[in-house]
Amino acid sequence: MQKAKIIVIDDEKEIADLISFHLEKEFYDVFTCYDSTKVLSILQSQTIDLMILDIMMPNIDGYELATQIRKNFNMPIIFVSAKTSDFDKVHGLVIGADDYITKPFTPIELVARVNAQLRRFKTLNTSVPATAPILQYGGLVISQEQREVKLYDETLDLTRKEFDILYLLASHPKKVFSTENIFEEVWKEAYFESANTVMVHIRTLRKKLKEDKKNQFIKTVWGVGYTFND
């Protein structure tokens with residue numbers, strides 16, 4: 001069986017080396033970078049299965065690097081950072097990260113999260129049937145197979161979570177989903193005080209859908225949750 005390839009980017013050499021050491025013990029193939037300058041060249045020459053990324057780095061910080069990577073590469077991204085505020089965590093998830101771990105952390109927790117993300121990514125990328133349906137509501141077209149959304153022939157730049165939220169709602173029009181329902185369906189994890197994460201993702205999704213008071217695809221059902229307004 002081919003070993004999964006993981007890239008670790010952290011300007012603190014001791015932390016980067018510690019992460020790499022524990023991942024190699026799990027028989028992963030690890031590439032270690034101490035700044036962001038060599039990351040894109042590695043991604044172009046290697047098929048990377050998962051990225052572990054620090055935020056506070058010189059030159060290009062983790063937020064900017066993750067945003068660049070999401071434009072061309074599809075892999076789980078785990079932020080590992082000393083930034084512990086809810087804003088930083090939510091911002092990291094909104095721009096496309098799949099998980100966020102705060103420093104200090106235990107190696108066993110990090111390895112467990114890496115394993116979980118790789119399992120989830122493999123499941124998501126093998127469970128879509130070849131004839132996955134295309135949803136169309138007026139000028140909005142959603143292709144599950146291509147994971148592509150077009151609004152009046154303009155392709156929208158959605159993160160993985162934004163696409164999954166939109167597809168979940170659009171594939172069940174008129175059904176009301178609570179924030180708990182959405183989080184558990186999209187993140188595939190138990191809900192735990194994650195309402196703000198869902199709300200922020202829906203807010204950015206609405207902006208990309210160019211919603212206004214007269215044109216709303218996602219409707220808020222106050223005190224209950226959200227529904228797709230077909």
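Contact here means heavy atoms within 4.5 Å. With that settled, let's walk through this predicted model.

## Overall build

The chain holds eight helices and 11 strands. Its radius of gyration is 18 Å, close to the 17 Å that the globule rule gives for 230 residues, so the chain is as compact as a globular protein of that length. Lay the C-alpha trace along its principal axes and you get a span of about 55 × 35 × 30 Å.

How much of the chain is tucked away? Of the 230 residues, 47% count as buried. Among contacts with a separation of 6 or more, 56% come from residues 24 or more positions apart.

## Surface and charge

About 12500 Å² of the chain is exposed, and carbon and sulfur atoms supply 52% of that area. On the charge side, there are 29 positive and 33 negative charges, and their mean positions sit 4 Å apart.

## The S6-S7-S8-S9 sheet

One piece worth a look is an open sheet of four strands, ordered S6-S7-S8-S9 and paired antiparallel. Strand S6 (134-137) and strand S9 (154-155) are the edge strands, each pairing on one side only. As a general point, strands of a sheet pair through backbone hydrogen bonds, either parallel or antiparallel.

Inside the sheet, strand S7 (residues 140-143) and strand S8 (residues 148-151) run antiparallel and are joined by four bridges. To pick out one pairing, Val141 has Lys150 in S8 as its bridge partner.

## Val149

Val149 belongs to strand S8. Is this residue buried or exposed? Its relative accessible area is 2%, and buried means under 20%, so Val149 is buried.

Who keeps Val149 company? Setting aside neighbours within four places in sequence, its contacts are Leu140, Val141, Ile142, Glu154, Thr155, Leu156, Leu158, Phe163 and Leu166. Thr32 is another story: Val149 and Thr32 are 117 residues apart in sequence, and their C-alpha atoms are 35 Å apart in space.

## Asp54

Now for a loop residue. Asp54 lies between strand S3 (50-53) and helix H3 (62-72), in the loop that links them. At 3% relative accessibility, Asp54 falls under the 20% cut-off, so this aspartate counts as buried.

Which residues does Asp54 touch, leaving aside neighbours within four places in sequence? The contacts are Ile9, Asp10, Asp11, Gly62, Phe79, Val80, Ser81 and Lys103.

How values were computed
Residues numbered from 1 in each chain as written. Predicted model: local features only at pLDDT ≥ 70, side-chain atom pairs only at ≥ 80, totals over all residues. Heavy atoms only, no water. Helix = DSSP H or I, 4+ residues; strand = E, 2+ residues; numbered from the N terminus. Rg over C-alpha atoms; globule rule 2.2 N^0.38 Å. Buried < 20%, exposed > 50% of the residue type's maximum accessible area, 1.4 Å probe, protein only. Areas by Shrake-Rupley, 256 points an atom, 1.4 Å probe, with all protein chains shown as cover. Lys, Arg positive; Asp, Glu negative; His and termini not counted. Charge placed at Lys NZ, Arg CZ, Asp CG, Glu CD. Pairing = 2+ DSSP bridges.
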